[in-house]
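Hi everyone, thanks for coming. Please bring up the structure on your screens, and I'll walk you through it.

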Amino acid sequence: MSRIAYVNGAYVPHRQACVHIEDRGYQFADGIYEVWAVQNGKLIDREGHFTRMDRSLSELQITKPMSHASLMPVLHEIVRKNRVKDGLVYLQITRGVSPRDHPFPKNVRPSIVITAKSLNAQKAEQFAGKGVAVATMRDERWARCDIKSVSLLPNILAKQAAKEKGAYEAWMVDQTGMVTEGSSSNAWIITKDGVLVTRNLSTEILGGITRERVLMLAAERQLTVKERAFSVAEAKEAREAFMTSSINLVTPIIRIDEKAVADGKPGPMACALRKDYLQSAAT
Ligand code: PDD
């Protein structure tokens with residue numbers, strides 16, 4: 001079955017989908033994106049992603065190309081046309097096409113692209129069930145990591161460096177030795193005394209939608225939660241560690257650099273929160 005993409009108002013074969021060479025997303029990374037998890041054909045946390053999308057657009061002063069009401073049927077249609085049961089939807093909005101010049105062009109129409117992709121849910125469970133390794137490295141990003149911008153160069157460099165070290169994710173570390181977040185996920189630990197810790201929201205991290213849901217699930221479990229920074233040293237001594245994102249949901253971390261997390265097996269609470277996530281998203 002061939003994939004279908006949505007590009008500026010039209011559904012087109014994925015292979016032929018394209019934007020102009022002078023799209024500002026292509027030339028300046030002048031745009032934003034969102035990724036929704038899809039489970040059982042349903043978009044997870046649809047509204048939360050909309051809210052973050054609006055915020056990113058407004059911070060970059062990019063005009064919203066479509067209202068939520070007109071976007072919604074497109075998101076559902078792209079899932080349907082691509083027959084995605086489990087997977088993700090990717091949406092990207094850029095400032096639009098205009099002759100290359102740094103200042104914002106006047107009267108430009110934003111470009112919007114939406115794609116959907118299937119992921120094998122069974123394989124994803126097997127993968128998460130084994131846990132993953134992370135490699136720590138300096139956070140080299142800009143000062144507005146709260147904006148979900150398509151400008152991801154430091155993120156992909158970090159992810160690639162992690163991959164070359166045999167790790168699945170990079171944990172980025174600020175100048176004071178504190179973990180900010182993963183290259184495409186939020187970072188969590190459960191301390192020796194059982195406190196669930198994830199970095200507080202600020203311009204230094206992306207406010208993950210999965211993070212929000214996990215905070216809610218943790219409250220339901222009556223876990224003690226602290227939104228604060230934690231150091232690499234504290235993480236290496238933690239009882240558990242895990243990452244969250246719309247792609248990896250809740251995924252246990254079993255190694256940080258060369259150090260096994262606790263006994264080097266996926267932590268029970270991380271596994272329980274993943275189950276909670278799947279259950280809560282299904283309802
Ligand atoms: N990444 N932090 C960063 C830097 C991210 O890129 C992401 C998501 C997250 C988690 O956000 P959420 O829970 O809303 O997915 C945190 C997406 C999935 C990506 O770049 O593909």
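Let's start at the ligand. This is a predicted model, and in it 21 residues surround the ligand. The closest of them are Tyr33, Glu181, Ile209, Thr210 and Ser246. What kinds of residue make up this shell? They divide into five nonpolar, 12 polar and four charged.

Now for some individual polar atoms. Take threonine 210, one of the closest residues: a polar atom of its side chain sits 2.6 Å from an oxygen atom of the ligand. On lysine 148, a polar side-chain atom is 3.3 Å from a ligand nitrogen. Serine 184 uses its backbone instead, with a polar atom there lying 3.4 Å from a nitrogen atom of the ligand.

How much of the ligand does the protein cover? On its own, the ligand has 470 Å² of accessible area, and the protein covers 92% of that. If you'd like to find the shell by its elements, those giving two or more residues to it are strand E3 (31-39), helix H2 (46-59), strand E9 (178-182), helix H6 (209-220) and strand E14 (240-245).

Let's step back to the whole chain. It is divided into domain 1, residues 4-119, and domain 2, residues 125-282. So why do we say that the ligand lies between them? Because domain 1 and domain 2 both give residues to the shell around the ligand.

The two domains also meet each other. Measuring from C-alpha centre to C-alpha centre, domain 1 and domain 2 are 26 Å apart. Where they touch, 22 residues of domain 1 are in contact with 20 residues of domain 2. About 1800 Å² is buried between the two domains, and carbon and sulfur atoms give 57% of that area. On the domain 1 side, the residues that lose the most area to domain 2 are Tyr33, Gln39 and Arg52, and together they make up 32% of what that side buries. You'll remember Tyr33 from the list of residues closest to the ligand.

One last stop: valine 113. Which element holds it? Valine 113 belongs to strand E6, which covers residues 111-118. Leaving out residues up to four places away in sequence, valine 113 touches Tyr6, Val7, Val19, Tyr90, Leu91 and Gln92. To tie this back to the ligand, compare its position with serine 184: valine 113 and serine 184 are 71 residues apart in sequence, and their C-alpha atoms are 20 Å apart in space.

That's my tour, so thanks for listening!

How values were computed. Residues numbered from 1 in each chain as written. Predicted model: local features only at pLDDT ≥ 70, side-chain atom pairs only at ≥ 80, totals over all residues. Heavy atoms only, no water. Near = heavy atom within 4 Å. Polar contact = N/O pair within 3.5 Å; in protein donor to acceptor, adjacent residues only side chain to side chain. Areas by Shrake-Rupley, 256 points an atom, 1.4 Å probe, with all protein chains shown as cover. Helix = DSSP H or I, 4+ residues; strand = E, 2+ residues; numbered from the N terminus. Nonpolar A, V, L, I, M, F, W, Y, C, P; charged D, E, K, R; others polar. Domains from an automatic or database assignment. Contact = heavy atoms within 4.5 Å. Buried area = accessible area lost by both parts, 1.4 Å probe.
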